[in-house]
Amino acid sequence: MLGGLIMHWAWLLILFVLMAGSLFTMLIIVGFLFFLLGEWLFASPDYWNKRLQGNLPDDHNKILIYFISVLPEPVIKSVNIARVGDDEDCFKNEPFRVGFFRTIHNPFSFMGITSTVIRIVDIRKSSLRARPDTIWHEYAHSYHNLLDETKSDFTSRWGKMGSGVISDYARRNGLYEDVAEYVANFYLAITGYSSLFDYFWWHRLVWRVKLESCSQKLVLLKDYGFIVESDYKKFLLKHPEFKTE
Ligand SMILES: [Zn+2]
């Protein structure tokens, strides 16, 4: 009789442990799904921008020119060749790639008088309308490359900035992607699209990003010509939280 009762309690205990265990696992899974949902909603501008394409021209080269024209003159001029297409060799083996920046050696460079590299930007045609940030991202790479080539101290100064990474992509891929992500999101913000700056609180919360470092990075972009003064002011009207003293 007593043995049977102990067995009975033992089974109940095992059942309880199993249930508590699966409940805990479920909580972890649900928590993780919420985390992924948050990353998707608040850390990626794609979701919001799909609805915000406006009245763009039909011709893809005109769209390209339209989006390039918001950039400062030196940034635009840093690119020697800009192309739109899905057939370019750089996209053939990378189905998820939306833009590409590369440099090739300039065979006509002469004793440092002309540039030693030719800068090429490729944009996937199908992502042209929904992802203008791709264009600004690749143009930022190009101008950054020009600064490096002219022995600017921009890269070392950016490297000394604290934790102020705004995108998950930049967080995983280092300094050059960080700069390009800042520039791309800056121009999303001032042209009326939603940008990662709108969801900065999410990065502060999850990745412990500092507002101060982020604000200083924006000043650096302005000082080195990625951004013109008037656009910087326009940005601060929309995002006064990034003002520096
Ligand atoms: Zn990039």
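Which residues have the most contacts inside the largest nonpolar core? In this predicted model, they are W136, Y139, A140, I166, V183 and F186, and the core has 40 residues. Helix 3 (60-68), strand 3, helix 6, helix 9 and helix 11 (211-223) each contribute at least two residues to this core. Helix 9 supplies its largest share, with ten residues.

The chain that surrounds this core contains 245 residues, of which 27% are buried. Its secondary structure consists of twelve helices and three strands. Among contacts with a separation of 6 or more, 70% are between residues 24 or more positions apart.

The three strands form an open sheet in the order 1-3-2, and their pairing is mixed. Strand 1 (81-84) and strand 2 (99-105) each have a single partner strand and stand at the edges, so one side of each is left without a neighbour in the sheet. On average, and with direction ignored, neighbouring strands of this sheet are turned by 20° against each other. In general, the strands of a sheet pair through backbone hydrogen bonds, in either a parallel or an antiparallel sense.

The two pairings can be described in turn. Strand 2 and strand 3 (residues 117-123) run antiparallel and are joined by seven bridges. Within this pairing, F100 stands opposite D122 of strand 3, and I104 stands opposite I118 of strand 3. Strand 1 and strand 3, in contrast, pair in the parallel sense over four bridges. Here A82 has V121 of strand 3 as its bridge partner.

A helix also packs on the sheet. Helix 6 (residues 132-149) touches strand 2 and strand 3, and its direction makes about 170° with that of strand 3. Both helix 6 and strand 3 are among the elements that each supply at least two residues of the largest nonpolar core.

Helix 9, the source of ten core residues, also meets helix 12. The axes of helix 9 (residues 175-190) and helix 12 (residues 229-238) come within 9 Å and cross at roughly 70°. Helix 9 is therefore roughly perpendicular to helix 12. The contact involves F186, A189 and I190 on helix 9, together with D231, K234, F235 and K238 on helix 12. By class, four of the residues in this contact are nonpolar and three are charged, while none is polar.

F186 takes part both in this helix contact and in the core, where F186 is one of the residues with the most contacts. When residues up to four places away in sequence are not counted, F186 touches L221, I227 and F235. Of these, F235 belongs to the helix 12 side of the contact with helix 9.

K222 lies in helix 11, an element that also supplies at least two residues of the core. Is K222 itself buried, exposed or partly exposed? K222 has 18 other C-beta atoms within 10 Å; a residue counts as buried at 20 or more and as exposed at 12 or fewer, so K222 is partly exposed. Apart from neighbours within four places in sequence, K222 is in contact with I227, E229 and Y232. I227 is also touched by F186. K222 and Y232 are ten residues apart along the chain, and their C-alpha atoms are separated by 7.0 Å.

Notes:
Residues numbered from 1 in each chain as written. Predicted model: local features only at pLDDT ≥ 70, side-chain atom pairs only at ≥ 80, totals over all residues. Axes fitted to C-alpha atoms, helices over the stretch in contact; angles between N-to-C directions. Parallel < 35°, antiparallel > 145°, perpendicular 65-115°, else oblique. Contact = placed C-beta atoms within 7 Å. Nonpolar A, V, L, I, M, F, W, Y, C, P; charged D, E, K, R; others polar. Pairing = 2+ DSSP bridges. Core = buried A, V, L, I, M, F, W, Y, C linked by C-beta atoms within 7 Å.
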